[in-house]
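Subject: Structure for your review

Dear colleague,

Please find below the structure that I am handing over to you. I would be grateful if you kept it open while reading the notes that come after it.

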Amino acid sequence: MASWQEFESQAPELAKAARRLMDTYTHKVLATLRKDGSPRVSGIETKLHDGELWTGSMPGAVKAADLRRDPRMAIHVTSRDPDRADPSSWEGDLKLSGRAVETTDERERAAYGISGSDSHLFRVELTEVAWTRVQGDELVITAWREGVGEREFRRK
């Protein structure tokens, strides 16, 4: 699993685009796994701090229980719809996957702004990042995978 900083050093242009989308759109969608293995989606916010990607959760939230039981997760960052006359104006969407590791370290919790609370704080370790967008008449997917690196796919 890779930290945000490791991903950024391996795929700097993709990381720049990913960060722009993540900074532009506060609300994201988190996918976790329930006890029975079925998916659950929840709204979240994220923060990049000290080369790591973080997300928090209110005390007792089911998404925190899901992540504590099974840390596998995915995050989806969507953007505004494009001008129908110009599909290339779409910023695209971003998908990240990996695992979320809960931290109880008070220094890290204080840096995120939840020191002394019962809230949960998770560091996201990445295995995949994909940015999907339109260029001209092609769908373009730039993807990074841990151990594989960055690749680009184009479809008409």
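The following paragraphs describe what was found, region by region.

Please bear in mind throughout that this is a predicted model.

**Helix α1 and its aromatic rings**

A search of the whole structure finds two aromatic pairs. In one pair, the ring centres of Trp4 and Phe7 are 5.0 Å apart and the ring planes stand at 75 degrees, so the pair counts as edge-to-face, the label used for planes over 60 degrees apart. Both Trp4 and Phe7 belong to helix α1 (residues 4-10), where they are three residues apart, about one turn of the helix. An α-helix has 3.6 residues a turn, so residues three or four places apart point the same way. Trp4 and Phe7 are both buried. Ring pairs also bring in Trp144, and Trp4, Phe7 and Trp144 are thereby linked into a cluster.

**Helix α2**

Helix α2 covers residues 12-24, which makes 13 residues. At 1.5 Å a residue it should span 18 Å, and its end C-alpha atoms are indeed 18 Å apart, so the two values agree. The buried residues of α2 are Leu14, Ala15, Ala17, Ala18, Leu21 and Met22. Seen down the helix axis, these buried residues fall within an arc of 165 degrees, so they line one face of α2. Glu13, Lys16 and Asp23, on the other side of α2, are exposed.

**Strand β5 and its partners**

How are the side chains arranged along strand β5 (residues 72-77)? They alternate: Met73, Ile75 and Val77 point to one face and are buried, whereas Arg72, Ala74 and His76 point to the other face and are not buried. Strand β5 pairs with strand β1 (residues 28-33) in the antiparallel sense over three bridges, and Ile75 in β5 is the bridge partner of Leu30. Strand β5 also pairs with strand β6 (residues 93-102), again in the antiparallel sense, over six bridges. There, Ser97 in β6 is the bridge partner of Ala74.

**Thr55 in strand β4**

Is Thr55, a residue of strand β4 (residues 52-57), buried or exposed? Its relative accessible area is 3%, and since buried means under 20%, Thr55 is buried. A polar atom of the Thr55 side chain lies 2.8 Å from the backbone oxygen of Glu45. Residues up to four places away in sequence aside, Thr55 touches Ile44, Glu45, Thr46, Tyr112, His120, Leu121, Phe122 and Val124.

**Strands β8 and β9**

Strand β8 (residues 138-145) pairs with strand β9 (residues 149-155) in the antiparallel sense over seven bridges. Leu139 has Arg155, in β9, as its bridge partner. The hairpin of β8 and β9 has three residues between the strands, and in this hairpin Gly147 takes a positive phi near 85 degrees.

Ile141 is placed in β8 and is buried, with a relative accessible area of 17%. Ile141 and Arg155 are 14 residues apart in sequence, and their C-alpha atoms are 8.6 Å apart in space. Leaving aside neighbours within four places in sequence, Ile141 is in contact with Ala130, Trp131, Thr132, Arg133, Arg151, Glu152, Phe153 and Arg155.

Yours sincerely,

A colleague

Conventions: Residues numbered from 1 in each chain as written. Predicted model: local features only at pLDDT ≥ 70, side-chain atom pairs only at ≥ 80, totals over all residues. Heavy atoms only, no water. Helix = DSSP H or I, 4+ residues; strand = E, 2+ residues; numbered from the N terminus. Expected span 1.5 Å × (residues − 1). Buried < 20%, exposed > 50% of the residue type's maximum accessible area, 1.4 Å probe, protein only. Arc of directions from axis to C-beta. Polar contact = N/O pair within 3.5 Å; in protein donor to acceptor, adjacent residues only side chain to side chain. Contact = heavy atoms within 4.5 Å. Pairing = 2+ DSSP bridges. Phe/Tyr/Trp six-rings, centres within 6.5 Å; stacked < 30°, edge-to-face > 60°.
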